[in-house]
Amino acid sequence: MRLRNVEPGDVEAYVRMRCDPAMMAELGGPLPSEGMAEKVRLDVERTAADDWWVRMIVPDGAGPEVVAGTVTLWPHEEDGERITEIGWMVLPEFQGRGLAKRAVREVLEAAGADGRWGRVHAFPGATNGASNALCRSLGFELLGDREVVFAGRVLRTNHWVIEP
């Protein structure tokens, strides 16, 4: 597995991940495909500026156009303070291979080496067993549950944190 930066040609991968009912079940349901080209454009811009890290997960032996999922690290305001959040998605045909765990670990190691991100927060859905298990296995600390807003939707999540 390797990671590469998001590119303008990744719109189809975003549509597969963010507009599919099964992929978005824990995130309030599918998003409209009409907004994906703009989302990719913004993510490419933020990644090029080094403000966000949007990494595409490429399976072993595959060309750069084959995308198994994403892992993203970004800053934002939460309860009046700046925090860093990490999130990930892996397409169904690539799940169960440890790609998300390897990709998240790699991004956390890079964030620790970079030194500017601070503690990293994750907010997987409270019923998302796989993502919560990933947090636990990588050494995140569970702070409790909370409601968060994602794409205009209020979600019940678990709040995890780690010092990379």
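Trainee: Let's start with the sheet. In which sense do S4 and S5 pair, parallel or antiparallel, and over how many bridges?

Mentor: Bear in mind that this is a predicted model. S4 and S5 pair in the parallel sense, and 2 bridges link them. For one concrete contact, look at Glu85, whose bridge partner in S5 is His121.

Trainee: And how do S3 and S4 pair?

Mentor: Those two are antiparallel, with 10 bridges. Pick out Glu77 and you'll find Arg82 of S4 standing opposite. The S3–S4 hairpin leaves 2 residues between the strands, and Asp79 there has a positive phi near 55°. Asp79 isn't a glycine, so to speak of a positive phi here is to speak of a residue other than glycine; with a relative accessible area of 66%, Asp79 is exposed.

Trainee: Which residue takes a positive phi in the hairpin of S6 and S7?

Mentor: Ala151, with phi near 50°, in a hairpin that again has 2 residues between its strands. S6 and S7 run antiparallel and are joined by 9 bridges. Asp145 is a handy place to check the register, since its bridge partner in S7 is Asn158.

Trainee: Where is Asp50 found?

Mentor: In the loop between H2 and S2. Its phi is near 65°, positive although the residue is not glycine. At 34% relative accessibility, Asp50 counts as partly exposed.

Trainee: Now the rings. What describes a pair of aromatic rings?

Mentor: The general idea is to take the distance between the centres and the angle between the planes. Here, a search of the whole structure turns up 2 aromatic pairs. In one of them, the ring centres of Trp52 and Trp74 are 5.8 Å apart and the planes meet at 25°, so the pair is stacked. Trp52 sits in the loop between H2 and S2 while Trp74 belongs to S3, so the contact ties together parts 22 residues apart in sequence. Both Trp52 and Trp74 are buried.

Trainee: How is the pair of Trp53 and Trp117 arranged, stacked or edge-to-face?

Mentor: Edge-to-face: 5.2 Å from centre to centre, with 70° between the planes. Trp53 is in strand S2 and Trp117 in the loop between H3 and S5, so this pair ties together parts that are 64 residues apart in sequence. Trp53 counts as buried at 6% relative accessibility, and Trp117 is buried too, at 3%.

Trainee: Which residue lies over the face of Trp52?

Mentor: Arg46, at 4.1 Å from the ring centre.

Trainee: Last topic, pockets. What shows where empty space is left?

Mentor: You roll a probe the size of a water molecule over the atoms. In this model the largest pocket holds about 1,200 Å³ of space. Its lining has 45 residues, and Leu27, Gly87, Trp88, Met89 and Ser131 lie nearest the centre.

Trainee: Which element gives the most to that lining?

Mentor: S4, with 6 residues. Among the other elements that supply at least two residues each are S3, H3 and H4. S4 has 8 of its 10 residues buried, so the strand is largely enclosed by the rest of the structure.

Trainee: How many nonpolar, polar and charged residues does the lining have?

Mentor: By class, the lining of the largest pocket splits into 25 nonpolar, 12 polar and 8 charged residues.

Methods:
Residues numbered from 1 in each chain as written. Predicted model: local features only at pLDDT ≥ 70, side-chain atom pairs only at ≥ 80, totals over all residues. Heavy atoms only, no water. 1 Å grid on protein atoms, 1.4 Å probe; cavity = no way out; pocket = protein on both sides within 12 Å on 5 of 7 lines; lining within 4 Å. Points joined across faces, edges and corners; volume = space filled by probe spheres on them. Helix = DSSP H or I, 4+ residues; strand = E, 2+ residues; numbered from the N terminus. Nonpolar A, V, L, I, M, F, W, Y, C, P; charged D, E, K, R; others polar. Phe/Tyr/Trp six-rings, centres within 6.5 Å; stacked < 30°, edge-to-face > 60°. Buried < 20%, exposed > 50% of the residue type's maximum accessible area, 1.4 Å probe, protein only. Lys NZ or Arg CZ within 6 Å of the ring centre and 35° of its normal. Pairing = 2+ DSSP bridges.
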